[in-house]
Structures are given as structure tokens and as C-alpha cells.
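Hello,

Here is the structure I promised to pass on. Please have a look at it first, and then read on for what turned up.

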Protein chains: 2
Amino acid sequence: MSGNAHSAAPVLPAQGRLRPLGLRDVEITGGFWGERQSINGAATLQHIEHWLEREGWIRNFDLTANGGDPGERRGREFSDSEVYKFLEAMAWEIGRTDDAELESRFRAIVRRVGAAQQPDGYLNTRFGRPGQAPRWSDLEWGHELYCVGHLLQAAVARARTRPDADDGLLDIACRAADNVCRTFGPDGIDSVCGHAEIETALVEFARATGQERYLTQAALFVDRRGHGRLADVEFGREYFQDDQPVRQATVLRGHAVRANYLAAGAVDVAVELKDAGLLDAVRGQWRNTVSRRTYVTGGQGSRHQDEAFGGDWMLPPDRAYSETCAGIGSVMLAWRLLLADGDPRYADLIERTLFNVVSTSPAADGQSFFYTNTLHRRELGTTPDTDRPSLRAAASLRAPWFEVSCCPTNVARTLASLSAYVATCDDDGLQLHQYLSGTVEQHLADGRSRRVRITTQYPYDGQIRVRVDSDDEHPWSLSLRVPGWADQGATVTVDGVPRPVAAGVFTEHRAWRRGDEMVLRLPMAPRFVHPDSRIDAVRGCVAVERGPLVYALESVDVPGVASVDDLRVDAGRPPRLLDGQVLVRCRQVRGQEHDWPYRADAVESAPVPVDEFDDVPLVPYHAWANRGPSTMRVWLPTDTALPEPAPGQP
Amino acid sequence: MSGNAHSAAPVLPAQGRLRPLGLRDVEITGGFWGERQSINGAATLQHIEHWLEREGWIRNFDLTANGGDPGERRGREFSDSEVYKFLEAMAWEIGRTDDAELESRFRAIVRRVGAAQQPDGYLNTRFGRPGQAPRWSDLEWGHELYCVGHLLQAAVARARTRPDADDGLLDIACRAADNVCRTFGPDGIDSVCGHAEIETALVEFARATGQERYLTQAALFVDRRGHGRLADVEFGREYFQDDQPVRQATVLRGHAVRANYLAAGAVDVAVELKDAGLLDAVRGQWRNTVSRRTYVTGGQGSRHQDEAFGGDWMLPPDRAYSETCAGIGSVMLAWRLLLADGDPRYADLIERTLFNVVSTSPAADGQSFFYTNTLHRRELGTTPDTDRPSLRAAASLRAPWFEVSCCPTNVARTLASLSAYVATCDDDGLQLHQYLSGTVEQHLADGRSRRVRITTQYPYDGQIRVRVDSDDEHPWSLSLRVPGWADQGATVTVDGVPRPVAAGVFTEHRAWRRGDEMVLRLPMAPRFVHPDSRIDAVRGCVAVERGPLVYALESVDVPGVASVDDLRVDAGRPPRLLDGQVLVRCRQVRGQEHDWPYRADAVESAPVPVDEFDDVPLVPYHAWANRGPSTMRVWLPTDTALPEPAPGQP
């Protein structure tokens with residue numbers, strides 16, 4: 001094996017179809033993701049630290065260390081995890097940029113965290129001290145193991161980016177993990193955490209430390225879940241996936257973050273233990289989840305009440321929950337399956353989710369965030385206070401912080417480690433999964449390396465130029481993913497000859513010389529997409545996509561129209577592109593006013609045409625809500641009354 | 001004024017366009033509502049008492065009376081209110097039936113309640129004792145004033161049905177109400193209860209006792225709300241209507257039960273104080289709520305998270321919350337507005353809500369209940385345990401009891417007092433608002449009375465025969481409501497001559513003699529109804545109604561079809577009636593399987609025809625889920641592919 005055993009990447013499986021390349025192998029040099037990564041490093045990390053201090057969530061560790069009054073502890077039961085996710089984000093960012101000032105901030109927080117650890121390794125600011133609930137006394141809601149999981153992931157990030165650091169984080173994590181293994185081992189507490197996370201973290205910690213006991217414990221947690229060990233709750237045991245064993249489940253269900261984290265952990269366990277049955281179960285869950293329970297944005301989870309998946313086809317755009325963290329969890333899961341199987345459909349979903357969920361959350365300045373990512377906003381709604389944590393997950397604008405602030409730190413760690421999700425290698429060569437400007441390099445065991453430079457304006461332009469930057473007389477394979485949405489009209493040019501390619505993976509095997517090029521051209525005409533007929537909530541609607549981006553109609557772009565809900569799109573005329581803007585033709589209608597909105601006479605229920613607009617501009621969904629409160633739709637009702645244009649007409 | 005000053009009715013305004021007739025004036029003698037009222041008396045009341053005892057919610061009063069350990073108190077913070085609603089239901093039932101055994105059970109519970117009252121009148125088992133949170137320390141969630149409100153309503157029911165009873169309930173209520181006035185008066189705590197209810201209760205208590213101070217306090221509570229006196233919460237202050245003053249609001253919003261209870265109280269205050277502005281504000285809220293935020297069943301509240309109204313047109317049938325108690329609250333509000341204004345549209349909504357929400361909740365045996373009343377069930381779902389309180393508001397079958405068990409007692413008090421919502425009088429005569437077999441009598445001050453007997457199989461048959469059962473040489477008016485849904489095809493026959501009548505009120509003024517008859521005939525052909533174009537979630541669907549009943553497609557009736565979601569209704573052929581069954585023509589379709597459910601090619605998203613069914617039976621919505629777990633739809637997608645039948649074809 002070569003090229004990844006010591007990569008600076010969050011996920012390093014011992015086996016699998018593809019091997020990850022990490023932060024030392026992939027550099028993002030600009031463009032859509034480069035900008036976001038820079039803003040994350042330059043602004044978001046500081047923003048997060050400010051709020052973690054302001055809200056006292058780091059100080060909780062000092063309080064614990066100093067034996068202070070537990071009544072002074074602040075934040076929710078899972079607030080420790082935000083500090084750990086912040087540490088993870090910093091660790092990746094330091095690995096990426098060698099930022100010395102960040103390094104010292106990182107070490108300072110690690111010291112404060114470490115000081116709060118109990119002699120036996122237990123580490124949590126909410127439980128276990130006099131005046132607090134006993135350790136492990138509330139597995140359903142206490143999040144203690146969840147918090148340890150995030151601590152381990154931070155330590156893994158640090159160990160892989162600064163293997164020789166003497167900051168002590170790895171020790172802290174080892175003692176916490178050992179405490180978990182002692183407490184929840186075969187002879188310990190026979191249960192699981194209400195929020196999955198420890199599973200995937202323990203496997204990665206085993207990979208990072210080479211200690212098999214952590215893997216064993218992760219496997220035990222995965223097997224234990226699904227047998228009703230946790231108490232029944234209002235949302236049902238499916239809320240924490242304790243309704244059905246992972247091996248038997250056929251679809252993700254319940255809380256969408258929990259479900260994805262658990263499935264990611266199950267893949268990790270399955271891969272390490274070569275447990276084909278377990279892996280296959282998760283594969284099937286993923287397939288059914290993607291084909292029946294996922295929004296067009298890639299978002300998952302439709303319900304506010306329990307932040308949960310709905311049933312099959314239950315995907316209302318109204319108040320779609322589509323939590324940012326569920327999107328990140330979905331990327332985590334799909335990435336693990338991609339490494340295991342190599343199937344480009346996993347990378348398709350990652351692309352869609354990164355562009356339309358993960359990148360939607362942070363504002364352009366990286367200092368406010370969407371927690372939920374609805375597909376329809378009917379009212380301007382409430383504007384979050386910029387000077388206090390939002391009580392609410394949903395709002396019309398991004399908020400700087402939340403009472404439950406899982407999303408900002410999750411976005412930060414994802415963006416800081418984003419280059420780890422771009423490309424993979426195997427013994428034959430390199431595979432490019434996500435397109436951005438940058439370089440990708442595979443170091444071979446014999447000192448050689450395979451290196452390519454990617455130049456593109458993607459996702460705004462469909463041309464992706466891949467130039468080989470290394471010489472090798474031995475032939476190797478360079479593989480490009482052709483996205484599912486690009487099934488018609490994509491071409492690859494090698495040696496100056498463009499060839500049509502279908503969705504999937506295009507591989508060119510040859511003795512690549514420096515300067516050789518492959519150019520992938522993806523069809524970038526904007527297009528309508530039609531929902532499956534079983535998604536009741538968007539019957540009679542279309543969405544608009546261009547490349548990997550989903551578009552939205554935002555009321556600030558139709559100033560003469562009271563609400564985006566008054567527009568009907570002409571589905572007979574394809575959306576068109578003009579000066580970089582996606583435009584659709586719409587009719588403005590007015591609903592009829594009646595005392596009672598259900599009429600025996602269909603005509604009385606029909607809307608009345610008011611006006612027509614030839615070119616209504618849409619915005620990329622990720623860019624909405626950046627110009628003040630707005631109403632917004634992703635799914636546009638079609639105007640069946642408009643005449644059908646002649647076939648082929650633009 | 002005559003005919004209602006001492007009626008045994010829940011609402012007795014000092015003025016208004018119409019005056020209520022109570023339990024002594026209206027008798028229901030059988031049929032749809034007669035059966036339900038009998039079962040309520042014969043089975044539901046006992047069932048409720050069993051669970052109240054079993055769950056310890058009555059024993060909480062003993063615990064308080066005996067100074068027992070507060071840690072032994074059981075149930076949620078509002079469980080006292082269930083005991084009070086049960087007392088109210090018993091009071092009406094005793095008034096209706098003179099049941100001596102029920103009378104002694106009633107008195108026994110009143111004694112236990114009274115023993116828990118503090119010397120200063122404060123009465124609540126959850127707050128105020130050593131080891132409990134202090135009185136009034138949690139106005140947002142504590143429900144203390146809400147509980148007092150239900151105590152007052154029980155006392156009002158008792159005072160009006162047994163004015164001379166020596167059971168002590170009225171005294172208990174007086175002392176509790178006085179405690180509220182002292183504590184929350186102009187110089188007291190300047191706030192309101194997180195759950196409106198005390199407002200309407202205090203007005204009625206003022207009416208029943210003649211003590212104006214209760215009305216003054218109610219008016220103060222109404223005026224105080226809407227100014228942000230309650231803390232902001234995750235759901236926003238609109239959850240408890242503290243976002244906007246009642247006078248300024250234009251629509252009901254937030255928690256649907258709270259919103260309706262508050263609006264009912266505001267009407268009560270407005271009517272008593274002749275506050276035209278306040279009354280007009282609520283009128284407007286009602287109009288906008290009914291025309292934009294109400295399900296076709298009359299149900300209100302679409303959200304699970306906060307049991308709240310959605311925005312305008314946000315009426316997804318999936319997981320429609322449509323709480324039974326919100327339906328009852330809506331009946332309370334519409335009834336008060338009907339008394340104030342006389343507008344038959346209020347009675348239209350009452351009819352719709354009684355037949356399609358209130359009667360949907362209890363099972364045929366009166367011993368299990370729907371808490372929520374969804375309009376679409378995609379999966380069989382969980383079957384409630386029959387031997388423990390349900391943790392969940394939503395389930396596929398009715399549950400015997402709930403952790404939050406507001407609905408069973410609310411249904412019980414409504415059914416026991418149902419005859420008070422049937423008819424009204426004014427100086428000119430009688431108005432019939434709801435149709436059922438029974439008698440209605442108006443006692444005049446001079447000893448005369450006007451009396452009619454109604455004979456009908458309604459809602460299964462559209463003929464309503466109203467026979468005058470009194471003689472009076474003075475002419476008086478007999479008014480019949482012609483429901484909004486019956487605007488086309490209704491006739492009234494007087495003197496043997498049928499005359500077409502439009503929706504609204506038909507009044508015949510004459511010197512009625514015993515044996516005179518009016519026959520109202522309502523068009524009972526089943527019909528499709530079409531939703532307003534702005535209700536996105538049911539675009540392309542129709543519902544089926546017959547008379548006042550909404551119908552549903554239930555999977556037990558299509559045994560060959562996996563899910564009701566696989567059927568498309570032929571909207572070109574009107575539903576037909578055969579042997580009392582409503583039948584529609586459907587095509588069975590199969591969705592196409594794809595990895596990703598959003599396709600650029602519309603054909604790939606379209607369903608594939610599988611089979612056709614000429615006559616698929618529907619069930620009245622209120623009768624669904626009585627034959628085991630089932631999937632169910634009220635809104636049926638139309639099959640646009642089916643050929644249009646020739647006009648006029650059946």
C-alpha cells in the first residue's frame with residue numbers, strides 16, 4: 001500500500017477500493033472552495049472562539065478544573081463538543097497553513113480542556129461532579145459519549161497534521177477513550193449514547209493510534225444499538241436509531257445527524273473488520289435514503305420537531321429542516337462509502353451536498369450561519385439578533401451563534417479539512433472526485449509521485465483542465481468523475497480529441513508526461529428538474545439547476561411582486577443563461593379570495609393571471625438570503641396555462 | 001331579554017345578535033350525535049376517571065391536601081386541568097341525564113380537589129409547596145392560570161346545571177378566582193399565563209356569579225398579552241400569542257389551542273364591555289384564519305414542533321397536526337362569534353369541525369382517542385399501547401390515554417354539552433344551526449314557549465324535517481342555516497312547496513301552529529373539492545366531500561394496492577354514491593425507481609400506469625383507522641392522463 005498510510009486526512013481506512021489523499025497531498029488554490037476555506041481560516045475560527053468564550057463554553061472546563069460551582073456552568077449538555085470541534089477545525093487549519101498564532105491559541109485551549117480531565121480519564125463539564133448528575137446517568141440525552149467522540153476526532157486531526165506535537169491532546173484523548181472502553185466494555189454498562197458519534201471516532205482513533213481496543217469498543221457500540229437499550233421517548237426510539245439493529249435497517253431514519261454519524265461509524269467498523277454484511281446493510285440504507293428521503297439540495301431531514309428524516313417521499317420544501325450538520329454527516333457517510341466501493345454516485349451526493357447545503361450555511365463573511373436550510377420561505381420571518389445566540393434553528397437570515405451551536409463548528413472543521421475530500425488514489429493512479437482549482441499529488445513508496453494541477457472556474461464554468469505535473473515512464477491511471485447530472489453532453493478531451501462521456505468514471509491509463517492534459521467539459525446549460533411523482537409536496541413544480549448548483553427564486557429579485565409564491569414558471573421554455581444569470585419566464589398570478597379555500601368549482605380555486613415576466617433571475621441556492629430578509633422558493637409551480645412553445649425553441 | 005338568562009349552557013353573553021339555548025332547551029334524541037353523546041356518558045367518562053386515578057392525577061390533590069412528598073406528584077404540569085375538564089364534563093352530563101351515580105362520583109372528586117386548596121384560595125398540585133417551585137414562578141410553562149381557568153369552567157357548568165348544589169365547587173372556584181384577581185390585578189404580577197384559558201373562563205365566571213371583578217381581570221389579561229411580557233422561547237413569543245396585542249393581530253398564530261382559547265376570551269371580553277374594536281379584531285383574525293390556515297376538515301395547526309398554525313397556505317396533509325383540542329377551541333371561538341354576529345359562516349365552520357375533527361378523535365367505543373388528526377398517513381406507523389399512556393401525540397390508531405392527555409377530557413366536556421351548540425333564539429324566534437334529531441324549545445318570559453322537533457338522518461341523508469310542536473297566535477321566525485357547501489341545490493319546503501335556497505339563513509316568519517312543518521333538503525351527491533392554488537402541498541389533488549363530511553381513502557379498502565399513495569383519482573368522473581358508499585374511479589400507478597429522485601427528463605419522473613379500479617370506496621374521515629393500521633389520504637392526486645369523460649356523464 002502506498003500514498004495514504006500517513007495522510008493528513010480525517011478518514012484513513014485500512015482497506016477499501018480507494019485510498020484518501022490528505023491535506024499534504026491536495027491543495028486548493030482558489031475559486032469557490034478556496035475562497036471559503038480562506039474565509040474559514042481568516043474569520044470563522046476567530047468568530048467561533050469569540051462566541052465559545054463569550055458563552056462560557058470553554059470556561060466550563062476551567063470551572064470543572066477548579067472545582068467551581070456547577071451552577072455556574074453554561075450552555076447545553078453538549079457544549080463541550082463545540083470546543084472539541086473547534087479544536088479539530090484549528091488542527092486542520094494549522095496543518096494546512098502552519099499558522100503560528102493559531103497554534104498557540106490551539107495549545108491554550110488544549111491546556112484548559114486537559115485540566116478538566118479527571119484522574120481516571122473521564123472528561124465532561126456537565127456530569128459527575130458534586131452537585132451535578134452522576135456520570136452516564138442520562139445516556140438518552142446527556143451526550144457524554146458524543147462529546148468524547150468529538151474529542152477523539154480533534155486528537156486524530158492533530159495527530160495526523162502534527163504527529164510530533166507535545167501539546168498533550170492525544171494523551172487526553174487516550175485517557176478519555178480508555179475510560180470509555182473500561183466503562184462501556186463487554187463487562188461494563190451495556191448501552192450506547194443517545195447521539196451516535198463515538199463509534200466513528202473510536203474507529204478513527206484506533207486507526208490513528210494503532211490500538212485495536214478502540215475498534216473493538218466501536219464495534220460493540222454499533223452492535224448494541226437498535227435493541228431498545230435506550231428509553232422510549234416522545235420521538236420514538238428511531239430518533240436515536242435504537243429501534244432496529246444497524247445490520248437489519250434498510251433506510252436512515254430518525255434524527256438525521258445521528259443517523260448519518262451512526263452509519264458512518266458502521267462503515268468504519270465494517271471496513272476494519274471486513275464485515276461485508278454490515279457494509280452491505282449501510283450501502284442499502286444509503287441507496288434508499290438518497291433515492292427517497294433526500295432533498296434536491298442533498299439536504300436530509302424534513303422535520304422540525306425531532307430534526308428527523310420523514311418517511312419515504314415526505315420532503316416538504318416548507319420548513320425543510322435540512323440541517324447543516326446533517327449535510328455534513330451525509331458527506332461523512334458518502335465519503336466512507338466512496339473509499340470502500342469507489343462508486344462515483346457517492347461523490348455525486350458529496351458534490352451536491354457541499355455546494356447546496358454545506359456552502360449555504362455560512363454567510364459570505366463566514367460569521368453567521370444557517371442551522372436549517374429550508375427550500376421554501378413564505379414569509380420574511382424573524383431576523384436573528386446579531387448580539388445574542390439564536391434560540392431558534394430556523395430564521396430568514398443567518399445567525400452568528402445558536403443556543404445549540406453545532407453547525408458553525410461543524411462547518412469550520414469541514415472547510416478546514418475540505419482538501420481531504422477532493423481526490424483519492426489506488427495502486428493504479430489518481431481519482432479526482434471534486435473539481436476545484438488546485439493540485440493533487442500521490443506520493444509513491446519508492447519516492448516517485450504522481451501530480452496533477454487542476455484549473456477551472458467550476459461550478460460557474462464547466463471546463464476542468466487537468467494538467468499532469470510529474471513524469472513517469474510507468475503508465476498510471478487518471479480518473480475523472482463525470483457527475484450524474486452531466487450524463488448528456490459531457491466530453492473529455494485527451495490529446496486534443498474530445499470524446500463524449502457518460503456519467504460515471506472516465507479513466508485514462510497511460511505513461512503520463514509532464515504537461516499532458518485532460519480536459520473535462522461538463523454541460524452547463526441551466527435545466528429544469530422534475531421531482532419523482534411520489535413527492536407529494538412538490539407536485540406540479542420544477543426546480544432549476546445549473547451544473548452542480550441548485551437555484552432559487554428570491555423575492556428581492558422580483559421587486560414588483562409581493563411574494564415569490566405568486567409566480568408560475570413557464571416549464572415549456574428552458575431556463576436560459578445571460579451574463580452569468582439564470583433566467584426563467586414566469587407568469588404572475590393572484591389567488592382568488594374566498595371565505596373558504598376549498599371549492600367544489602375548480603375555476604374558483606384557480607389563480608388569476610396578472611402579469612408576465614420574460615426573464616426572472618434566479619440565485620444559486622447557497623447564495624440566497626444575503627440581501628436582507630426575502631421570501632424564497634426552490635420548487636417553482638409550473639404554469640400549465642402558458643402555451644407550449646414549439647419543440648426545440650430556446 | 002328572554003329565553004337564555006339562566007340557560008344551562010357554557011356561554012351566556014350579556015348581549016349579542018343571538019342567545020344560546022342550553023341543555024334544558026335542546027335535547028338530542030339519537031342519530032350521529034345522539035349516539036356519540038350516549039357513548040360519552042356511558043363509557044368515556046368512566047374511561048377517563050379510570051386513567052385519571054391510574055395515573056395519579058386526582059391523587060395529586062390528596063397528596064397536596066395531606067402535605068405529602070411533592071416528589072410523588074405524577075403527571076405533567078397541567079394535569080390538574082384534566083381533572084377539572086373531567087368535572088366539567090360530568091357536570092354537563094349530570095345536567096343532561098340526572099345520573100345519581102355520576103353525581104356521587106362528581107362530589108367525591110370535588111371534595112378531593114377542595115381539600116387541596118390553600119387558605120388563600122391558591123389551588124395547584126404542582127407549585128407552591130415546600131420542595132416545589134414557588135407559585136407563579138414559571139408563567140411561560142407552568143399552566144397555573146390555565147388550570148384555574150378550567151376549574152372555573154367546571155364550576156360554571158355545575159352552577160348552571162345544578163344551581164342549588166351544595167357540593168362546594170362554586171366556593172372553591174370563587175376562592176381560586178379571587179386569588180387570581182388579587183395576585184394578577186392592576187397592582188399585582190404584571191403578566192399573563194403561557195396558555196390562554198383563564199380569560200374566557202373568568203368572563204364566564206363573571207357571567208355566572210354576577211361579579212364584575214372577574215370580567216375586569218379577564219380584560220386586563222387580554223390587554224396585557226402581546227407585549228412580550230413572557231420570555232422569548234425557541235418557538236418564539238407567537239407560540240403563546242405574546243408577540244402582538246390581540247387588538248392588532250390580523251390572524252391566529254402560534255400554538256393553535258392557545259390561539260383559539262385566547263381569541264374566545266377576547267370575544268367574551270369584547271361582548272361584555274361592548275368593545276367593538278376588540279370584537280372586530282378577532283372577527284378579522286377568524287376570517288383570515290379560516291380562509292388561509294384551516295384544513296379542509298376544519299382542523300387547525302399544521303406543525304408538530306410547536307403544535308402551531310403554519311403561515312398562510314402552509315397546510316401540508318402529511319403529519320397535519322390538527323389537534324383535537326384546537327378543533328374544540330375553534331368551535332368555542334366560532335360559537336362566540338356566532339352569538340355575537342349571527343353570521344351562519346361561523347356555524348358552517350362549527351359543523352365542519354364537529355363532524356371532521358371532534359368526532360374523529362374518539363373511537364366508536366369512546367375509549368381511545370386521536371390527539372392529532374392528520375390528513376395523510378403514508379406508513380402504518382406505530383400502534384399505541386393499550387395499557388399505558390402514549391408518549392406521542394401522533395399514531396396510526398387511537399390511544400386510550402396520553403402523557404399529555406388534554407384531548408380526551410376536552411372531547412368529553414364538548415360532547416356532554418353539545419346540545420348547547422345546536423340552536424339559538426332571539427326576540428323574533430328560533431335559529432337552528434346544527435342538524436340532528438331532537439327537540440329545541442325557547443321559553444318565553446310570559447310562560448309561553450316555542451318548540452320544534454327535528455327529524456333527520458343527517459349527515460347521511462340531506463332531509464331535515466322541522467315540525468313545530470307549540471301553538472302561538474303571535475307570529476315568530478324559524479330560521480334554518482343552509483350550509484355553505486349546499487349553496488347549489490338546497491330547497492326548503494313550507495306548506496308543501498319546495499323553494500330553492502342559497503347558502504346562508506332561510507327564515508320563515510309566521511304564526512306557527514302545532515304540526516306545521518318546514519323541510520330542508522340539502523344536496524347530498526358526493527363532490528370533489530379543489531384546494532386554493534396557494535396551498536402548495538396539495539397542488540394537483542382533490543378531496544371528496546358529501547354533505548358536511550370529508551371523506552378519506554384508506555388502504556384497508558384497496559386490498560390489492562400496496563399504498564393509497566399509488567392511486568390517482570379520475571377527477572373527470574364525479575364521485576358517486578352506491579348503497580351509501582362513496583366511490584371514486586382510480587388508476588393505480590407505480591413510481592419509477594431511480595438512484596436519484598429528481599430528473600431532468602420529465603418522463604422519467606412520471607408514474608407508470610398499472611391498473612384501473614372503477615369503484616374505490618372512501619370512508620368518512622371521522623371513521624378512519626377503525627379497522628387496524630392503515631395508510632390514508634384525504635387529498636387524492638388527480639390522474640391527468642385519464643381521458644376526460646363527456647360533459648354530464650355520471
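To start with a small puzzle: in β21(B), which residue is the bridge partner of B:Tyr551? The partner is B:Pro620. Before I go on, please keep in mind that this is a predicted model.

**The strands around β21 of chain B**

The pair above belongs to strand β16 (residues 549–554) of chain B and strand β21 (residues 608–620) of chain B, which run antiparallel and are joined by two bridges. β21(B) also pairs with strand β19 (residues 581–590) of chain B, again in the antiparallel sense, over eight bridges. One bridge there sets B:Leu583 against B:Pro617 in β21(B).

**How the two chains meet**

Now to the interface. On chain A, 63 residues are in contact with 63 residues of chain B. The area buried between the two chains is about 5200 Å², and carbon and sulfur atoms give 48% of that. If you want a place to begin looking, try A:Arg539, A:Trp596 and A:Tyr598: they supply 14% of the area that chain A buries against chain B, more than any other three residues.

There is plenty of polar detail to browse as well. The rule finds 14 salt bridges across the interface of chain A and chain B. You can pick out a salt bridge between the side chains of A:Arg392 and B:Asp232, at 2.9 Å from N to O. Across this interface there are also 31 residue pairs in polar contact, with both residues at pLDDT 80 or more.

Which elements of chain A supply at least two residues each to the side that touches chain B? They are α10 (276–292), α12 (344–358), β14 (527–531), β20 (598–599) and α14 (602–605). β14(A) gives the most, with four residues. Sorted by class, this side of chain A has 25 nonpolar, 15 polar and 23 charged residues.

β14(A) is worth a second look, as this strand pairs across the chains: β14(A) and strand β20 (residues 598–599) of chain B are antiparallel, with two bridges. In that pairing, A:Pro531 has B:Tyr598 of β20(B) as its bridge partner.

As for symmetry, chain A superposes on chain B by a rotation of 180 degrees with 0.0 Å of shift along the axis, at an RMSD of 0.0 Å. This is the relation of a two-fold axis. Of the interface residues of chain A, 100% are also interface residues in chain B, so the copies meet through the same surface.

**An open sheet and a hairpin**

In chain B, five strands form an open sheet with mixed pairing, in the order β1-β4-β5-β9-β12. At its edges stand β1 (19–20) and β12 (504–510) of chain B; each has a single partner strand, so one side of each is left without a neighbour in the sheet. β1(B) is paired in the antiparallel sense with strand β4 (residues 423–426) of chain B, over two bridges, and there B:Arg19 has B:Cys425 of β4(B) as its bridge partner.

Over in chain A, strand β10 (residues 490–494) and strand β11 (residues 497–501) pair in the antiparallel sense over five bridges. A:Val492 stands opposite A:Arg499 in β11(A). The hairpin of β10(A) and β11(A) has two residues between the strands, and A:Asp495 takes a positive phi near 55 degrees there.

**Salt bridges within a chain, and some backbone points**

Over all chains, the structure holds 151 salt bridges. One of them joins A:Asp341 and A:Arg283, with the closest N and O atoms 2.5 Å apart. This pair links distant parts of the chain: A:Asp341 is in helix α11 (residues 324–341) of chain A and A:Arg283 in helix α10 of chain A, 58 residues apart.

Is the peptide bond from A:Tyr458 to A:Pro459 cis or trans? This bond is cis, with omega near 5 degrees, and A:Pro459 sits in the loop between β7 (449–456) and β8 (463–468) of chain A. In chain B, the bond from B:Tyr458 to B:Pro459 is cis too, with omega near 10 degrees.

Finally, A:Gln241, a residue other than glycine, has a positive phi near 55 degrees. A:Gln241 is in the loop between α8 (212–224) and α9 (256–272) of chain A.

Happy browsing, and best wishes

Key. Residues numbered from 1 in each chain as written. Chains lettered and ligands numbered in written order. Predicted model: local features only at pLDDT ≥ 70, side-chain atom pairs only at ≥ 80, totals over all residues. Heavy atoms only, no water. Contact = heavy atoms within 4.5 Å. Buried area = accessible area lost by both parts, 1.4 Å probe. Salt bridge = Lys/Arg side-chain N within 4 Å of Asp/Glu carboxyl O. Polar contact = N/O pair within 3.5 Å; in protein donor to acceptor, adjacent residues only side chain to side chain. Nonpolar A, V, L, I, M, F, W, Y, C, P; charged D, E, K, R; others polar. Pairing = 2+ DSSP bridges. Least-squares fit on C-alpha atoms with pLDDT ≥ 70 in both.
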